[in-house]
Amino acid sequence: MIYLTLFLTFLKIGAVSFGGGYGMISLIRETVLENAWLTEEEFLNFIAVAESTPGPLAVNMATFIGSSQAGFLGALTATLGVILPSFVIILIIAALIKNLLKYAGVQSVLSGIRPTIVGLILATALTMFVTRIFGFTSVGAPFSFDRRALLIFLIIAAVAVLWRVFKKRQFSPILLILLSGGLGILVNVV
Amino acid sequence: MQKFKTCLKLFLVMFKIGLFTFGGGYAMIGLLENELVSRRKWLESDEFLNVVAIAESTPGPVAINAATYVGYKLAGFWGSLSATVAVALPSFSIIFLISLFFDAFLSLKYVAYAFDGIRVCVIFLILSAGVKMLLKLEKTVWNIVVTSVVIAVMVALSVLSIAFSSVWYILITAGLALLLYLFSYFCARRKKSSEQKPDAEGKQ
């Protein structure tokens, strides 16, 4: 029953994803790789699309993965799953316990898990980086160094960092994606 | 009838917000502030900050959380339902349409080349999101230790290809944080009561 699996999987993702947007990337990545729903490459393609279209990243990812696995109903069940926990939790807070966040215990748990979320995002990015650039997946497996990917990474990082230093503003993620697309075509054609 | 009108208005405003927020929740906060506080005066500025704090610290997308909360404030359960559906609907429709054509799109040669570069860029975007959050963290012992332990363990496990869900990292640190809080709470209470006792005796 793929619909139920999608619903329950994204229900879990919606319920534990703190920190917005990228906070749930590690969990979604594990889930899609474990279920063999997507390859690492397809997953990265999806994030690029989710990032360059409007709306919350989580909703976009759920819709996309649901649709790729089980068509319209799959998209619908996955999206409902990822939204439902927030909806219920916020309703409870709005209707019953307006002061939930004022309790010291709740505060300390919420700020206690913040570094975990940061760690999860960074570790996922590092793992992806090593896999993509060095073709390294696990101990013992053969690996291959991808010079072109490293070159693109360095150019993009340089542009984003320099822009931040000199213009004091964030370089738009969508423009970065466009730039990297251009670089991708360039290194493949040359 | 009045309520139905409010719901409809909520739906339209949230639909618009859902349609124009690129780059996730934090970009949406500015837009929400503009619509709800400055233009329509549906919320006071203080109240809006409260909504943002709640939306950010509860699980789930910030946009969904904020929409649900604002909807409930203005028109109860039906308000929250219409606001939440409205804010998710644009992304749902757009992404669903894209997903239908995406494979065909990717099979074009130059698009496939472009996505070679784009995948690298996505890794950079995730990394920089993580670094940005890292820089915002307070430099407390807890934060430094937890962040480094999580990174070390997670990278090590993935290198050894041992499956261990991210959910566990969150649950374990939440449990530890709660224990730490309870411990310090009871320590403080015990200290307080032992300080009060000689006081009370002195009065007698």
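**Notebook: chain B fold and a helix pair in chain A**

I looked up the secondary structure of chain B and found 7 helices and 0 strands, where helices (H or I, at least four residues) and strands (E, at least two) are DSSP runs numbered from the N terminus. The model is predicted, so I kept in mind that local features need pLDDT of at least 70 and side-chain atom pairs pLDDT 80 or more, while totals for chains, interfaces and linings use all residues. Residues are numbered from 1 along each chain as its sequence is written, chains are lettered from A, and side-chain values use heavy atoms, without hydrogens or water.

I then checked the spread of chain B: its radius of gyration, taken over C-alpha atoms, is 24 Å, well over the 17 Å that the globule rule (2.2 Å times the number of residues to the power 0.38) gives for 204 residues, so chain B is more spread out than a compact globule. I noted that its C-alpha trace spans about 85 × 60 × 25 Å along the principal axes, and that buried residues (under 20% relative accessible area, 1.4 Å probe, protein chains only) make up 42% of the 204 residues.

In chain A, I looked at helix α3 (residues 40-52) and helix α7 (residues 173-189), whose axes, lines fitted to C-alpha atoms over the stretch in contact, come within 9 Å and cross at roughly 135°, on a scale from 0 to 180 degrees between N-to-C directions. The contact (heavy atoms within 4.5 Å) is made by A:Ala48, A:Glu51 and A:Ser52 of α3(A) with A:Pro173, A:Ile174 and A:Ile177 of α7(A).

Notes: Buried < 20%, exposed > 50% of the residue type's maximum accessible area, 1.4 Å probe, protein only.
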